[in-house]
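Got the viewer open? Here is a short tour, with a few selections to make along the way.

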Amino acid sequence: MTLDERIQKDLLELYNGGDNQGEIQDAVILNGLIRAKSGQTSFATRALPGYYAGDRKAKTVIVMLNPGCDVDEANDNLTCDICKRSMKNAADIDKYHKWCVEYGHIDRNRKDNFDLKQAFFLHQWKDTGISLPKNLSANPKNDQTLLDAKEAVLTQKLQLELIPYASSSFSFFDKSKIHLVFPFVETMLNEIFSHERNYVIFCSRIFERVLKEYEKKHAGAIVFKGTCSQQLKGSKITGSCTKIQINYNNKSLDAIIANTFPHQALPNAYDLMEKYGAFCYKKYNS
């Protein structure tokens with residue numbers, strides 16, 4: 001399924017014909033894939049899915065695992081989220097897309113370290129298509145510089161979520177159910193290859209496990225070229241990344257798995273995140 005087809009299917013199921021709130025069946029099927037809190041499903045089944053944000057034609061694509069949020073909280077917020085996005089109802093796909101594309105502008109006044117670390121990670125990358133502030137540094141003189149960087153990185157790249165349904169954690173998955181993820185991998189690859197890209201970056205070590213399992217079913221689709229590690233100067237953190245080649249629909253591109261990206265010590269350490277990004281950029285081009 002294409003990204004548009006999958007979004008439309010999910011929203012129609014969530015809207016349930018307008019009679020009452022429904023459930024996203026693909027989210028229901030994924031139950032048990034990852035660990036969940038007692039009384040919760042693995043993923044939110046009655047919440048707006050978070051498939052992407054930014055420019056779908058962007059030169060740079062960053063892929064995350066899924067939106068992080070408590071499942072019960074996500075399920076309870078549907079009406080609030082619909083109002084926030086100015087959607088008529090949960091099936092209002094035009095307003096859904098408008099929110100995803102313009103989210104960086106809408107959210108421009110809120111400082112968020114998760115989004116900012118993407119800006120610092122990409123700060124030394126060339127030809128990303130992202131116009132980061134020229135005065136961006138690890139110790140900015142004012143918050144406006146950070147907010148400008150956040151808005152740029154959210155609007156001028158494409159951020160995809162492999163699984164668009166909220167969960168509180170994605171640190172472990174049941175390997176016996178990993179095949180349930182493969183349709184989402186296909187949708188992700190279809191979207192990535194729908195336009196010319198300069199960079200594709202997967203932001204978790206878990207992608208290596210997922211893509212290796214996917215490659216077992218689709219021989220030659222993913223070629224693993226090697227993993228490199230380096231201690232980040234001024235810290236005890238070892239940065240690691242894995243370079244891969246993706247072959248899809250008779251096309252190929254290089255990509256990188258930024259294994260250390262989710263490290264808990266990095267979100268507030270802008271300098272370290274920039275160093276880690278520079279390390280990954282060097283390995284991407286080697």
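## First stop: C241

Select C241 to begin: its relative accessibility is 2%, so this cysteine counts as buried, the cut-off being under 20%. Keep in mind that you are looking at a predicted model.

Now colour the strand around the cysteine. C241 sits in β6, which covers residues 238–248.

Next, bring up the neighbours of C241. Leaving aside residues up to four places away in sequence, C241 touches G226, T227 and C228, then I256, I257, A258 and N259, and also F279, C280 and K283.

How far apart in space are C241 and T260, C-alpha to C-alpha? Draw the distance and you should get 7.2 Å, for two residues that are 19 apart in sequence.

## Second stop: strand β2

Jump to residues 60–64, which make up β2. Are its residues buried or exposed? Five of the five are buried, and the strand is mostly covered.

Turn on the side chains here. T60, I62 and M64 point one way from β2, while V61 and V63 point the other way, and buried is the word for all of them.

## Third stop: the partners of β2

Add residues 199–202, strand β4, to your selection: β2 pairs with β4 in the parallel sense, over four bridges. To see one residue pair in this arrangement, pick V61, whose bridge partner in β4 is V200.

Then select residues 158–161, strand β3. β3 and β2 run parallel too, joined by four bridges. Which residue of β3 is the bridge partner of I62? Click on Q159 to finish the tour: that is the partner of I62.

Note on methods:
Residues are numbered from 1 along each chain as its sequence is written. This is a predicted model: local features need pLDDT of at least 70, side-chain atom pairs count only at pLDDT 80 or more; totals for chains, interfaces and linings use all residues. Side-chain values use heavy atoms; hydrogens and water are left out. Buried means under 20% relative accessible area, exposed over 50%, partly exposed in between (1.4 Å probe, protein chains only). Helices (H or I, at least four residues) and strands (E, at least two) are DSSP runs, numbered from the N terminus. Two strands pair if DSSP finds at least two bridges between them. Contact means heavy atoms within 4.5 Å.
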